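Here is a friendly note to read alongside the structure. Keep the view open and look up each residue as it comes along.

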Amino acid sequence: MPFFVINRSPDVTEPGASPEQSVEQRLWAGFIAGDEAALNILMTTHYRSLFRYGTRFSKDREFIKDAIQDLFLNLWERRPFLRKDVAIKPYLMASLRRAMHRNVPSPRPNLELDDEQEAFAFVFSVEEQFIQHEATFQRTQRMQQLLDTLPRRQKEVIYLKYFQELDREHIAQVMDIAPQTVSNLLQLALRQLRQQGAAQLLTWLATTLIATGTLAVC
């Protein structure tokens with residue numbers, strides 16, 4: 001049984017460029033081969049995005065942390081049967097989504113995974129120095145209000161594309177839907193945002209969040 005050294009405070013920057021993806025593939029191969037150090041690096045690297053994705057569905061932070069811990073424990077136990085050629089980030093997000101759905105504690109406090117009408121939480125946290133710019137704060141609040149008007153699956157597609165930087169195929173993998181369905185949901189969401197004059201605002205907000213870290217989707 002491996003000893004997990006988990007960074008509970010998600011502050012590790014996740015890899016995005018091709019060279020880093022190659023490093024991750026080597027880590028994944030090491031993990032499958034039983035390298036506990038590779039396991040801990042993968043957990044630390046992806047904890048932030050997994051935790052934030054989990055908060056889309058549940059407000060129970062301890063439940064999310066436990067779900068992530070259980071996810072990696074389960075993967076460790078099943079590692080001889082795992083594929084070596086996976087896209088790691090979407091694979092982990094899809095696995096967490098399914099695990100949270102299977103293991104929701106009774107009586108389902110704050111978990112929202114089933115019905116299209118249930119909410120997909122989109123809460124923007126703005127750093128104190130950023131709030132001092134009133135126009136930026138107002139645009140952030142407006143974007144959150146507009147996103148809250150979208151159906152759950154449209155919001156999830158927007159989140160995965162703009163705030164997790166996943167492509168259509170990977171979004172389909174995470175949500176367990178067809179790639180064309182992803183395109184349809186995205187087009188519907190963007191059409192509504194364009195009607196409100198907010199499509200460019202969405203791009204600005206996502207770019208600002210990713211580039212500066214002064215905004216957070218929490």
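**Notes on the predicted model**

1. Let's begin in a loop: Asp-176 lies in the one that links H8 and H9. This is a predicted model, and in it the phi of Asp-176 is near 60 degrees, a positive value in a residue other than glycine. Is Asp-176 buried or exposed? Its relative accessibility is 68%, and exposed means over 50%, so Asp-176 counts as exposed.

2. Now go back along the chain to Glu-165, in the loop between helix H7 (152-163) and helix H8 (168-175). Here again a residue other than glycine has a positive phi, near 55 degrees. Glu-165 has a relative accessible area of 56%, so it too is exposed.

3. Which residues does Glu-165 contact, once its neighbours within four places in sequence are left aside? They are Leu-160 and Ile-210. Ile-210 is a nice one to find on screen: it is 45 residues from Glu-165 in sequence, yet their C-alpha atoms are 9.3 Å apart in space.

4. Next, follow helix H9, which runs over residues 179-195. Its 17 residues reach 25 Å from first C-alpha to last, close to the 24 Å expected at 1.5 Å a residue. The buried residues of H9 are Val-182, Ser-183, Leu-185, Leu-186, Ala-189, Leu-190 and Leu-193. They are on the same side of H9, because they cover an arc of only 165 degrees around the axis. The general background helps here: an α-helix has 3.6 residues a turn, so residues three or four places apart point the same way. After H9 comes Gly-197, with a positive phi near 70 degrees.

5. Let's turn to the interior. The largest nonpolar core has 60 residues, and those touching the most other members are Trp-28, Phe-31, Met-143, Ile-158, Leu-160 and Phe-163. Leu-160 has already appeared, as a contact of Glu-165. Not counting residues up to four places away in sequence, Trp-28 touches Leu-42, Leu-82, Arg-83, Lys-84, Val-86, Ile-88 and Tyr-91.

6. Finally, step back to the whole protein. How many helices and strands does the protein have? There are 10 helices and 2 strands, in the order α-α-α-α-β-α-α-α-α-α-α-β along the sequence. Of its 218 residues, 46% are buried. Among contacts between residues at least 6 apart in sequence, 73% join residues at least 24 apart. The accessible surface comes to about 11,300 Å², and carbon and sulfur atoms account for 49% of it.

Note on methods:
Residues are numbered from 1 along each chain as its sequence is written. This is a predicted model: local features need pLDDT of at least 70, side-chain atom pairs count only at pLDDT 80 or more; totals for chains, interfaces and linings use all residues. Side-chain values use heavy atoms; hydrogens and water are left out. Helices (H or I, at least four residues) and strands (E, at least two) are DSSP runs, numbered from the N terminus. Buried means under 20% relative accessible area, exposed over 50%, partly exposed in between (1.4 Å probe, protein chains only). Contact means heavy atoms within 4.5 Å. Accessible areas come from the Shrake-Rupley method with a 1.4 Å probe; for residues, only the protein chains shown count as cover. The expected span of a helix is 1.5 Å times one less than its number of residues. The arc is that of the directions from the helix axis to the C-beta atoms. A nonpolar core is a set of buried Ala, Val, Leu, Ile, Met, Phe, Trp, Tyr and Cys residues joined through side-chain atoms within 4.5 Å.
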